Amino acid sequence: MPQLPKPKIRSATVRSALGRQPQPAPLTKPLNSPRTAPKGSDGGGISPEELKARRRKFLITAGTLYGTFLVGAYYYISYVVGQGGPYEEAKPRDTAQTYDGLAKQYDRIIGRDELFMGLSFWRKDVAKQAIGDVLEISCGTGRNIAYLNIPAVKSITFVDSSAQMVEQTREKFTDRYPKYQHAQFVATRAEDLPLEKKYDTILQTFGLCSHEDPVYVLMHLQDLLKPGGKIVLLEHGRGTWDFVNRILDKSAASRAEVFGCRWNLDIGEIVRKSGLVIDKESRSHFGTTWTIIAHRPGDVMPPEQKKRFLIW
Ligand SMILES: C[S@@+](CC[C@H](N)C(=O)[O-])C[C@H]1O[C@@H](n2cnc3c(N)ncnc32)[C@H](O)[C@@H]1O
């Protein structure tokens, strides 16, 4: 008998190549189940608004953690790099000469720290409060110029006790607003400003730390306010955490020596001692960054001004 050819046994791979693919496990949920379907296709699921809210929440949480880490690292590094010897009180002094010497490198040095701490957001917040006739004291190199709402600024007077710092401000401002006619640049101590001209807003950022007598300066500034005027401060000083304050205290003297800035002052206490009435106070970066809006005692604040504070 002739031998019949043995039937060939095909492997699973060959079989599948021939079209009998193994079937995927059945889905437990249909692809367009309500959890994943976009809102509007079947009326359920995560709406774009909800997705947006979740993303925002995630970004805020991540940002806060990142910010906390950065600020902690910043203070720690400042402490380690910045000596951290035994506690020595930073003595108040006239810092004009120190800042004259720092003026040209100031933006480079401070810019790095500010980026690290995200301070441009805080600057933006306070600079937009400057309206009407504005006086910026301790203007430094004009780091708030970029954030001013210039159409709301009727006139602006920049003051600093260091002539070299004011010069940096002048250059920055005229570069940015070459056509603005109502800016003045004055090199004098804030406490020596004459009382003739009065202002709607007095702005100061990171200035109290470098003043010889910050309480006296704030008292003098009250006499420069128009009725209903406000003082807007963005300052750094003592924090709300003991470990941060210990770090600040330990390196205060050496920092003041180099930068002219006493970074462990109790800003709230200084403001209260000056007699100013605080309308709004907020603190961040372990409580070391202070934002304060205040007015002089006895002033009634116009309602539209109150509304601005609510937004802030
Ligand atoms: C840390 S710097 C801050 C500069 C700027 N406001 C900023 O936000 O970058 C402090 C400034 O205060 C100025 N300053 C110190 N004592 C002052 C005084 N009595 N009157 C006016 N300015 C003063 C210093 O010359 C320096 O420019």
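Reader: What makes up the lining of the largest cavity, by class?

Author: In this predicted model, that lining has 16 nonpolar, 13 polar and 11 charged residues. Tyr and Cys count as nonpolar and Ser as polar, so of the residues nearest the centre, Tyr99, Tyr106, Phe206 and Cys209 are nonpolar and Ser210 is polar.

Reader: How many residues line the largest cavity, and which elements give two or more of them?

Author: The lining has 40 residues. Helix 2 (48-81), helix 3 (96-117), strand 2 (153-160) and helix 7 (242-259) each give two or more. Helix 3 gives the most, with 6 residues.

Reader: Why is this space called a cavity or a pocket?

Author: The term is cavity, because a 1.4 Å probe fits there but cannot get out, with the protein atoms alone considered. The volume of the largest one is about 640 Å³. The search of the whole structure finds 2 cavities of 30 Å³ or more.

Reader: What makes the second largest cavity count in that search?

Author: Its volume is about 40 Å³, and the search takes cavities of 30 Å³ or more. Its lining includes Lys91, Arg93, Cys209, Ser210 and Arg262, and divides into 3 nonpolar, 4 polar and 3 charged residues. Gly counts as polar, so Gly260 in this lining belongs with the polar residues.

Reader: How do you know that the ligand makes a polar contact with Ser138?

Author: A nitrogen atom of the ligand is 2.5 Å from a polar backbone atom of Ser138. The cut-off for a pair of N or O atoms is 3.5 Å, so this pair qualifies. A side-chain N or O atom of Glu191 is 2.9 Å from a ligand nitrogen, and for Ser210 a backbone N or O atom lies 3.4 Å from one; both are therefore polar contacts too. The protein covers 97% of the 600 Å² of accessible area that the ligand has on its own.

Reader: Which residues come nearest the ligand?

Author: There are 20 residues around the ligand, and Ser138, Asp160, Ala190, Glu191 and Thr205 come nearest.

Reader: Finally, why are strand 6 and strand 7 called paired?

Author: Pairing takes at least two bridges, and 7 bridges join strand 6 (residues 277-284) to strand 7 (residues 289-295), so the two are paired. They run antiparallel, and Arg283 has Trp290 in strand 7 as its bridge partner. The two strands form a hairpin with 4 residues between them, and His285 in the turn has a positive phi of about 50°.

Definitions and conventions
Residues numbered from 1 in each chain as written. Predicted model: local features only at pLDDT ≥ 70, side-chain atom pairs only at ≥ 80, totals over all residues. Heavy atoms only, no water. 1 Å grid on protein atoms, 1.4 Å probe; cavity = no way out; pocket = protein on both sides within 12 Å on 5 of 7 lines; lining within 4 Å. Points joined across faces, edges and corners; volume = space filled by probe spheres on them. Near = heavy atom within 4 Å. Polar contact = N/O pair within 3.5 Å; in protein donor to acceptor, adjacent residues only side chain to side chain. Areas by Shrake-Rupley, 256 points an atom, 1.4 Å probe, with all protein chains shown as cover.
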